[in-house]
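Reader: I am new to this one. May I ask how you arrive at the terms you use?

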Amino acid sequence: MDTQFAQRRRRDLIMAACLAVVAALVPLFVKDVYVQNIMVLTLMYAALSQSWNILSGYCGQISLGHALYFGLGAYTTALLFTKFGVLPWFGMVAGGAISAVIAMALGYPCFRLRGHYFVIATIVIAEIALLLIQNWDWAGAALGIDIPVRGDSWLKFQFTRSKLPYFYFALALACIAWLVTWWLEDSKWGYWWRAVKDNPDAAESLGVVVFNSKMGAAAVSAFLVAVGGSFYAQFVSYIDPESVMGFQFSLLMALPAVLGGIGTLWGPVLGAVILIPLTELTRSFVGGSGRGVDLIVYGALIVAISLALPKGLVSVFSMLTGCKEAAR
Amino acid sequence: MFGAFAGGIIVGLVEATTALILPPSLKSVGIYAVYLLVVFIRPRGLFGSM
């Protein structure tokens, strides 16, 4: 059993390395800027969803307020850069650190709540933060922040002529999020989280400090999501509260993981690779307003998949290969 | 059953009163804050069994 698990982990790692190399080679053949844009977004959502999966998938604390950390990352980077001239690289780390601290501060009261009460609390907190930022004049209020273009450079992490640097950074981000999940899966924390998810009372009675393990998951998850938010701010170079902290971002982080398989290593990646190109395509083909139709596709897809495959798309692979242990 | 009734009245009253005190764009904050406050003190809701 143990050796089988170790074997699977090694296989996962090799597969991820191969996929990363293939993904890195794709832009050599695909020159279309629009397609490259979709690839950047896909990789970013894969990273975000993977990070969301740490708290909500492995630890079982379903959060629909992760847009808060996404927005915090984006706003920290943008504000530090426009107001104080701090390089986005430091902004990224600062945003991540701030988000992790805030996640723990919010987790302190929130992790007492269970089930729906917890989910609603996460939504409500993110909404409060959104409303506060919308009314915060120094941070641009509802108008948002325009990040000034200071020429292409890795130092300032701005590229106006090519999307390739963003692509490789998003790829690196997705790889990091995947590796962190892969590493945590077999660590002490990973086992604690799964125990907390399955049955918090039983876990507590066996000596798992439930509260601390939830806090750990929240901090890691928030940090990675905030780095993704910082990246997004640099990528679009204009942010406003609704476009980085809106509820749809919380959903867009949750859906790939739910679609692919919640609490699995490959679920978020698989979900993002299917969902994000699909929404972009529906958005470009069906109507110009595009705010509603792509969400209808989302809804239909999620309903269909959750009815047909309650464990997500990854369960198809474990069915195909016939190995039961893959669908943990 | 009584919980939903009381909750509905509280939400309505709080929303209307917040709009008096805070700028109208922030009026939902009052309800959200009351939700959080109630749930932090009584994790199963106002009338939920503990």
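Reader: How do you know that the span of helix α6 of chain A agrees with its number of residues?

Author: This is a predicted model, and the check uses its C-alpha atoms. Helix α6 of chain A covers residues 164-185, which is 22 residues. At 1.5 Å a residue they should span 32 Å. The end C-alpha atoms are 31 Å apart, so the span agrees.

Reader: Which residues of α6(A) are buried?

Author: Y166(A), F167(A), A170(A), L171(A), L173(A) and A174(A) are among them. So are C175(A), A177(A), W178(A), T181(A) and E185(A). The cut-off is 20 or more other C-beta atoms within 10 Å.

Reader: What makes F159(A) partly exposed?

Author: F159(A) has 19 C-beta neighbours inside 10 Å. A buried residue needs 20 or more, and an exposed one has 12 or fewer. The value lies in between, so F159(A) counts as partly exposed.

Reader: Where is F159(A), and which residues does it contact?

Author: F159(A) sits in the loop between β1 (145-146) and α6 of chain A. Its contacts, leaving aside neighbours within four places in sequence, are D152(A), P165(A) and Y166(A). Y166(A) is also one of the buried residues of α6(A). V149(A) is ten residues from F159(A) in sequence, and their C-alpha atoms are 8.7 Å apart.

Reader: How do you know that the span of helix α3 of chain A agrees too?

Author: By the same kind of check. Helix α3 of chain A holds residues 67-84, 18 in number, and should span 26 Å at 1.5 Å a residue. Its end C-alpha atoms are 25 Å apart, so this agrees.

Reader: Why is α3(A) called mostly covered?

Author: Count the buried residues: 14 of its 18 pass that test. After the helix comes G85(A), with a positive phi near 70°.

Reader: What makes α9(A) mostly covered?

Author: Here 22 of its 27 residues are buried. The helix reaches 39 Å from its first C-alpha to its last, close to the 39 Å expected at 1.5 Å a residue. Helix α9 of chain A, residues 210-236, also has the highest mean pLDDT among the elements of chain A, at 91. The lowest, 76, belongs to helix α14 (residues 314-321) of chain A.

Reader: What follows α9(A), and what is its phi?

Author: S237(A) follows, and its phi is positive, near 50°. Most residues other than glycine have a negative phi. S237(A) is a residue other than glycine with a positive value.

Reader: Where is S237(A), and why is it called partly exposed?

Author: S237(A) lies in the loop between α9 and β2 (238-239) of chain A. It has 16 other C-beta atoms within 10 Å. Exposed stops at 12 and buried starts at 20, so S237(A) is partly exposed.

Reader: Which residues touch the most other members of the largest nonpolar core?

Author: M44(A), A170(A), A174(A) and M245(A) do, in a core of 96 residues. α9(A) gives the most to this core, with 14 residues. A170(A) and A174(A) are buried residues of α6(A). M245(A) touches A67(A), L68(A), F70(A), G71(A), A126(A), A129(A), L130(A) and I133(A), not counting residues up to four places away in sequence.

Reader: How do you know that the radius of gyration of chain A agrees with a compact globule?

Author: With 328 residues, a compact globule would have a radius of gyration near 20 Å. Chain A has 19 Å, so it agrees. Its C-alpha atoms fill a box of roughly 55 × 50 × 35 Å along the principal axes. The secondary structure of chain A comes to 14 helices and two strands, and 44% of its residues are buried.

Reader: What does chain B contain, and how much of it is buried?

Author: Chain B has two helices and zero strands. Of its 50 residues, 10% are buried. Its C-alpha atoms fill a box of roughly 35 × 20 × 10 Å along the principal axes.

Reader: How many residues does each chain bring to the contact?

Author: Chain B brings eleven and chain A brings eleven. On the side of chain B that touches chain A, nine are nonpolar, two are polar and none is charged. For the complex, the predictor gives an ipTM of 0.84 and a pTM of 0.87.

Key
Residues numbered from 1 in each chain as written. Chains lettered and ligands numbered in written order. Predicted model: local features only at pLDDT ≥ 70, side-chain atom pairs only at ≥ 80, totals over all residues. Helix = DSSP H or I, 4+ residues; strand = E, 2+ residues; numbered from the N terminus. Expected span 1.5 Å × (residues − 1). Contact = placed C-beta atoms within 7 Å. Nonpolar A, V, L, I, M, F, W, Y, C, P; charged D, E, K, R; others polar. pLDDT = per-residue confidence, 0-100. Core = buried A, V, L, I, M, F, W, Y, C linked by C-beta atoms within 7 Å. Rg over C-alpha atoms; globule rule 2.2 N^0.38 Å.
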